[in-house]
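Trainee: Could you take me on a close look at one part of this protein? I would like to start with the overall picture and then settle on a single spot.

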Amino acid sequence: MKFLDQAKVYIRSGNGGAGCVSFRREKFIEFGGPDGGDGGRGGDVIAECVEGLNTLIDYRYQQHFKAKTGGHGMGKNRSGAAGGDVILKVPKGTQIFDEDNETLLADLTEIGDRAILAKGGNGGFGNAHFKSATNRAPRRANPGLAGEERTIWLRLKLIADAGLVGLPNAGKSTFLASVSAAKPKIADYPFTTLHPHLGVVSADGREFVLADIPGLIEGAHDGAGLGDRFLGHVERCRVLLHLVDGTSEHAGRAYKTIRNELVAYGHGLADKREIVALSKVDALMPEQLKEQTARLKRAAKAAPLTISAVTRQGLPQALRALRDAIDTTAEVEVVPAEPEMRTSRQLAPSPPSPTPPCVGESHGDGIHGDGMKR
Ligand SMILES: Nc1nc2c(ncn2[C@@H]2O[C@H](COP(=O)(O)OP(=O)(O)OP(=O)(O)O)[C@@H](O)[C@H]2O)c(=O)[nH]1
Ligand SMILES: [Mg+2]
């Protein structure tokens, strides 16, 4: 399945159905009175978080979603049917932004979460609604209210407990492959990984999800390399594992490059808990190892772990450190949705859309036995 983590879609909720002007006309019944029914409500556009999806690829092929118009009211006090809703199925971790791509409208983090993105218009009243003692034959009915239209952005931010960051070729994918069952592509050239991978890691009987993202390079915040958009996938992580390639020229400088990018990206990534590890130590001579460790320690202001995915040296320690950090770090707070948006669990699962009550006399549809019933 192809991976897509951002999509722009146009949505439109349904217009309300028009009310109807109608009078009861029947043999032997004088002054039958108004019996125009109300229009039905237009359909909503709803986003729903569903299981079994991990990409927004469906929205590459369809970007326009329109809910149905409510049915028009009809004579004999018949209300129009409510218009069908449109449900945008999105994977866990999808955020929905307004057209400016900055205003958060909803954040769907749990399976079953729903958010109404555009409400359908109400149906108009039929003429039966307007009858009164002084106006017993109203000839007016309301049109339905128009639906809303808007353009929104869907942005998938994967949900993982820990995230891997580092320069290209730092060994991130190799680390993920050696501690989980994930099979990311590994190769000896930069930007092997083009989109994030998740893996489930088991450490001392505890399981957590680790995310591997494409490598960052200097200037990624200005779009260099693959850019820094993929950092969105580690925004929700509780802890970052920062891998620094031991065979790089200067481990301290490599560390600082990534730190600068994390600061430039913002969204609290720079303040996130970080575990620093020097990778590929199997390929280093003892004196090189000592020098690189010292450089990294100076830059990170803490002693780094030393790991090798090939000899598995230091892997259990790294996993234990990650697990402890996950356990002791509070869950990342998610920015609350705009108050006007009703998100998630406040909504009952797919309530049937209520039809506006049918107002007016109930005199059946004229086929009662006596033909005189009012
Ligand atoms: N000797 C040695 N080589 C390693 C180790 N870990 C990774 N490598 C090699 O380093 C190269 C890059 O590894 P990747 O895991 O693809 O690196 P990455 O950080 O995911 O790179 P990008 O996806 O491009 O960002 C591969 O050729 C790996 O075989 C290690 O612990 N020891
Ligand atoms: Mg990789």
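Trainee: To begin, how many helices and strands does the secondary structure of the protein come to? After that, please show me the largest nonpolar core up close.

Mentor: Happy to! Keep in mind that this is a predicted model. Its secondary structure comes to 5 helices and 14 strands. The protein has 374 residues, and 49% of them count as buried. Among contacts with a separation of 6 or more, 76% join residues that are 24 or more positions apart.

Now to the core. In soluble globular proteins, nonpolar side chains tend to be buried together. Here the largest nonpolar core has 26 residues. The members that touch the most others are Ile-11, Tyr-59, Leu-88, Ile-96, Leu-117, Ile-152 and Leu-154. Two or more residues each come from strands β1 (6-12), β2 (45-49), β4 (86-90), β6 (104-108), β7 (114-118) and β8 (149-156).

Let us zoom in on Leu-154. Setting aside neighbours within four places in sequence, Leu-154 is in contact with Asp-5, Gln-6, Ala-7, Val-9, Leu-56, Tyr-59, Val-90, Thr-94, Gln-95 and Ile-96. Two names there should look familiar: Tyr-59 and Ile-96 are also on the list of members touching the most others.

Next, find Ala-118, which lies in strand β7. Ala-118 has 1% relative accessibility, and buried means under 20%, so Ala-118 counts as buried. Beyond residues up to four places away in sequence, Ala-118 touches Ile-11, Ser-13, Asp-44, Val-45 and Glu-148. You can also look for Gly-147: its C-alpha atom is 7.6 Å from that of Ala-118, although the two residues are 29 apart along the chain.

Apart from this core lies another one, of 23 residues, including Ala-182, Val-201, Leu-243 and Ala-277.

Before we finish, here is a spot for comparison. The magnesium ion (ligand 2) has Ser-173 (OG) and Thr-193 (OG1) as its protein donors, lying 1.9 to 2.0 Å from it. Ser-173 sits in helix α2 (residues 172-179), while Thr-193 belongs to the loop between α2 and β10 (197-203), and the two are 20 residues apart. Both Ser-173 and Thr-193 are buried.

Conventions
Residues are numbered from 1 along each chain as its sequence is written. Chains are lettered from A and ligands numbered from 1 in the order in which they are written. This is a predicted model: local features need pLDDT of at least 70, side-chain atom pairs count only at pLDDT 80 or more; totals for chains, interfaces and linings use all residues. Side-chain values use heavy atoms; hydrogens and water are left out. Donors are N, O and S atoms within 2.8 Å of the metal (3.2 Å for Na, K and Ca); water is not among the atoms, so sites may look incomplete. Helices (H or I, at least four residues) and strands (E, at least two) are DSSP runs, numbered from the N terminus. Buried means under 20% relative accessible area, exposed over 50%, partly exposed in between (1.4 Å probe, protein chains only). A nonpolar core is a set of buried Ala, Val, Leu, Ile, Met, Phe, Trp, Tyr and Cys residues joined through side-chain atoms within 4.5 Å. Contact means heavy atoms within 4.5 Å.
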